[in-house]
Amino acid sequence: MAKELVARWWNGTWGRLSRRDVWLAREVRWHVVARAGDSETGKVLRWEFGTEEEARQMVKRLVQADGGQWREQTGDAATQPPR
């Protein structure tokens with residue numbers, strides 16, 4: 001079964017050191033993927049949750065911890081998380 005991308009957030013900052021991305025996806029379980037840095041050198045962290053509520057709480061913690069001007073990316077702007 002393929003993962004379904006539910007939502008994506010970006011902190012609105014360009015740059016290898018300051019960019020942050022967070023994805024919320026669902027397969028059988030909910031997945032949260034966070035990347036610090038750009039797509040080529042960024043560090044990727046992954047979490048798995050049994051419920052959407054638990055996954056969204058992690059997204060909330062990640063977004064609040066970094067500050068910045070986070071914005072949800074929808075439609076064509078919601079790229080898939082890194083593999």
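Two strands pair if DSSP finds at least two bridges between them. The legends below use this criterion for a predicted model.

**Figure 1. Pairing of strands β2 and β3.** Strand β2 and strand β3, the latter made of residues 30–36, run antiparallel and are paired through 7 bridges. The connection from β2 to β3 is a hairpin of 3 residues. Within this pairing, W23 has V33 of β3 as its bridge partner. Strand β2 covers residues 20–26, and 5 of its 7 residues are buried, so the rest of the structure largely encloses this strand.

**Figure 2. Pairing of strands β1 and β2.** Strand β1, residues 4–10, is joined to β2 by 6 bridges in the antiparallel sense. Two of the residue pairs can be picked out here. W9 is bridged to V22 in β2, and A7 is bridged to L24 in β2. Of the 7 residues of β1, 5 are buried, so β1 too is largely enclosed by the rest of the structure.

**Figure 3. Pairing of strands β1 and β5.** Strand β5 consists of residues 71–73 and runs antiparallel to β1, with 3 bridges between them. Which residue of β5 is the bridge partner of W10? The partner is R71. β1 therefore pairs with β2 through 6 bridges and with β5 through 3 bridges, given that at least two bridges are needed for a pair.

**Figure 4. Polar contact between R8 and D21.** R8 is part of strand β1. Is R8 buried or exposed? Its relative accessibility is 5%, which is under the 20% limit, so R8 counts as buried. The R8 side chain forms a polar contact of 2.6 Å with the side chain of D21. R8 is also among the residues in contact with T79.

**Figure 5. The aromatic pair W10 and W14.** The structure contains 1 aromatic pair. The ring centres of W10 and W14 lie 5.0 Å apart and the ring planes are at 65 degrees, so the pair is edge-to-face. The assignment rests on the angle, because planes over 60 degrees apart count as edge-to-face. The two residues differ in burial: W10 has a relative accessible area of 10% and is buried, whereas W14, at 65%, is exposed.

**Figure 6. Helix α1 and its two sides.** Helix α1 is made of residues 52–66. At 1.5 Å a residue, its 15 residues should span 21 Å, and the C-alpha atoms at the two ends are 22 Å apart, which agrees. The buried residues in α1 include A55, M58, V59 and V63. These residues occupy an arc of only 130 degrees around the axis, so they are on the same side of α1. An α-helix has 3.6 residues a turn, so residues three or four places apart point the same way. On the other side of α1, the residues E53, Q64 and A65 are exposed. The buried residues of the helix pack against β1, β2, β3 and β4, where β4 is 43–49. Just after the helix, G67 has a positive phi of about 70 degrees.

**Figure 7. V63 of α1 and R20.** V63 belongs to helix α1. With a relative accessible area of 18%, V63 is buried; this value lies under the limit of 20%. What is the distance in space between V63 and R20, C-alpha to C-alpha? The two C-alpha atoms are 8.9 Å apart, while the residues are 43 residues apart in sequence.

**Figure 8. Surroundings of H31.** H31 is located in strand β3. Its relative accessible area is 10%, so H31 is buried. Apart from neighbours within four places in sequence, H31 is in contact with K3, W23, L24, A25, W47 and E48. One of these, W23, has V33 of β3 as its bridge partner.

**Figure 9. T79 in the segment after β5.** T79 lies in the segment that follows β5. T79 has a relative accessibility of 40% and therefore counts as partly exposed. Which residues does T79 contact, leaving aside its neighbours within four places in sequence? They are L5, R8 and W23. T79 and E48 are 31 residues apart in sequence, and their C-alpha atoms are 19 Å apart in space.

Terms used
Residues are numbered from 1 along each chain as its sequence is written. This is a predicted model: local features need pLDDT of at least 70, side-chain atom pairs count only at pLDDT 80 or more; totals for chains, interfaces and linings use all residues. Side-chain values use heavy atoms; hydrogens and water are left out. Buried means under 20% relative accessible area, exposed over 50%, partly exposed in between (1.4 Å probe, protein chains only). Helices (H or I, at least four residues) and strands (E, at least two) are DSSP runs, numbered from the N terminus. A polar contact is a pair of N or O atoms within 3.5 Å; within protein, one must be able to donate a hydrogen and the other to accept it, and residues adjacent in sequence count only if both atoms are side-chain atoms. Rings of Phe, Tyr and Trp (its six-membered ring) pair if their centres lie within 6.5 Å; planes under 30 degrees apart count as stacked, over 60 as edge-to-face and the rest as tilted. The expected span of a helix is 1.5 Å times one less than its number of residues. The arc is that of the directions from the helix axis to the C-beta atoms. Contact means heavy atoms within 4.5 Å.
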